[in-house]
Amino acid sequence: MLIIAGHLEVDPDKRDAFVAAHQDLVRRARQAPGCLDLAITADLLDPARVNNYERWESREHLEAWRKIAAAPKTGIAIRNDHVMEYGVSDVRPVFG
């Protein structure tokens with residue numbers, strides 16, 4: 001399993017437009033084979049921060065998705081990128 005998690009920083013006045021522009025991408029990704037979860041969301045505290053979270057069954061699924069993802073061209077500059085990929089070898093439920 002792979003997890004991609006972190007955040008991006010954009011102009012605070014353009015953050016909500018950036019998130020909204022990714023709505024179709026998130027919808028399609030969640031339907032893609034091997035996608036266990038994906039979210040691109042506005043941060044509750046920092047008006048410049050966009051949170052990114054993805055969970056994939058395998059690298060192969062992620063790479064297949066990336067070939068067809070067609071991320072939107074928003075024209076909104078990403079000021080900083082703090083998104084990392086994590087390989088997961090042990091998974092267990094937290095609640096329940």
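**Strand pairing, burial and the largest pocket in a predicted model**

Strands E2 and E3 make up a hairpin, with six residues lying between the two. The model described here is predicted. The two hairpin strands pair in the antiparallel sense, and seven bridges connect E2 to E3. Within this pairing, Thr41 is placed opposite Asn51 of E3. Asn51 also stands opposite His7.

The chain as a whole contains three helices and four strands. Read from the N terminus, the order of its elements is β-α-α-β-β-α-β. The C-alpha trace extends over about 40 × 30 × 20 Å along its principal axes. The chain has 96 residues, and 33% of them count as buried. Among the contacts in the chain with a separation of 6 or more, 71% are between residues 24 or more positions apart.

Strand E1 takes part in two pairings. With E3, strand E1 pairs in the antiparallel sense through eight bridges. In this pairing Leu2 faces Trp56 of E3, and His7 faces Asn51 of E3. With E4, strand E1 is joined by nine bridges, and these two strands also run antiparallel. Here Gly6 has Val83 of E4 as its bridge partner. Of the nine residues in E1, seven are buried, and the strand is therefore largely enclosed by the rest of the structure.

The aromatic residues give a count of one pair. This pair consists of Trp56 and Trp65, whose rings are stacked, with 6.4 Å from centre to centre and 25 degrees between the planes. Trp56 has a relative accessible area of 0% and is buried, because the cut-off for burial is under 20%. Trp65, at 6% relative accessibility, counts as buried by that cut-off. Trp56 is also the residue of E3 that stands opposite Leu2, and this places one member of the stacked pair in the pairing of E1 with E3.

The largest pocket holds about 390 Å³ of space. Strands E1 (2–10), E2 (35–42), E3 (49–56) and E4 (78–87), together with helix H3 (59–68), are the elements that each give two or more residues to the lining of this pocket. The lining comprises 20 residues, and those nearest the centre of the pocket are Leu25, Ile40, Asn52, Glu54 and Ala71. Sorted by class, 14 of the lining residues are nonpolar, three are polar and three are charged.

Ile40, one of the residues nearest the centre of the pocket, is also in contact with His22. His22 is located in the loop that connects H1 to helix H2 (23–31). When neighbours within four places in sequence are left aside, the contacts of His22 are with Ile40, Pro72 and Thr74. The relative accessible area of His22 is 8%, so this loop residue is buried, the limit being under 20%.

Two further residues outside the helices and strands were examined for accessibility and position. Lys14 belongs to the loop between E1 and helix H1 (15–21). Its relative accessibility is 41%, and Lys14 therefore counts as partly exposed, since the value falls between the 20% limit for buried and the 50% limit for exposed. Lys14 and Leu2 are twelve residues apart along the chain, and their C-alpha atoms are separated by 29 Å. Leu2 is the residue that stands opposite Trp56 in E3.

Val94 is found in the segment that follows E4. With a relative accessible area of 71%, Val94 is exposed, because exposed means over 50%. Val94 and His7 are 87 residues apart in sequence, and the distance from C-alpha to C-alpha is 23 Å. His7, for its part, is the residue that faces Asn51 in E3.

How values were computed
Residues are numbered from 1 along each chain as its sequence is written. This is a predicted model: local features need pLDDT of at least 70, side-chain atom pairs count only at pLDDT 80 or more; totals for chains, interfaces and linings use all residues. Side-chain values use heavy atoms; hydrogens and water are left out. On a 1 Å grid over the protein atoms alone, a cavity is a set of points where a 1.4 Å probe fits but cannot get out, and a pocket is an open set with protein on both sides within 12 Å along at least five of seven lines; lining residues have an atom within 4 Å of a point. Grid points are joined across faces, edges and corners, and a volume is the space filled by probe spheres set on the points. Ala, Val, Leu, Ile, Met, Phe, Trp, Tyr, Cys and Pro count as nonpolar, Asp, Glu, Lys and Arg as charged, and the others, Gly among them, as polar. Buried means under 20% relative accessible area, exposed over 50%, partly exposed in between (1.4 Å probe, protein chains only). Two strands pair if DSSP finds at least two bridges between them. Rings of Phe, Tyr and Trp (its six-membered ring) pair if their centres lie within 6.5 Å; planes under 30 degrees apart count as stacked, over 60 as edge-to-face and the rest as tilted. Contact means heavy atoms within 4.5 Å.
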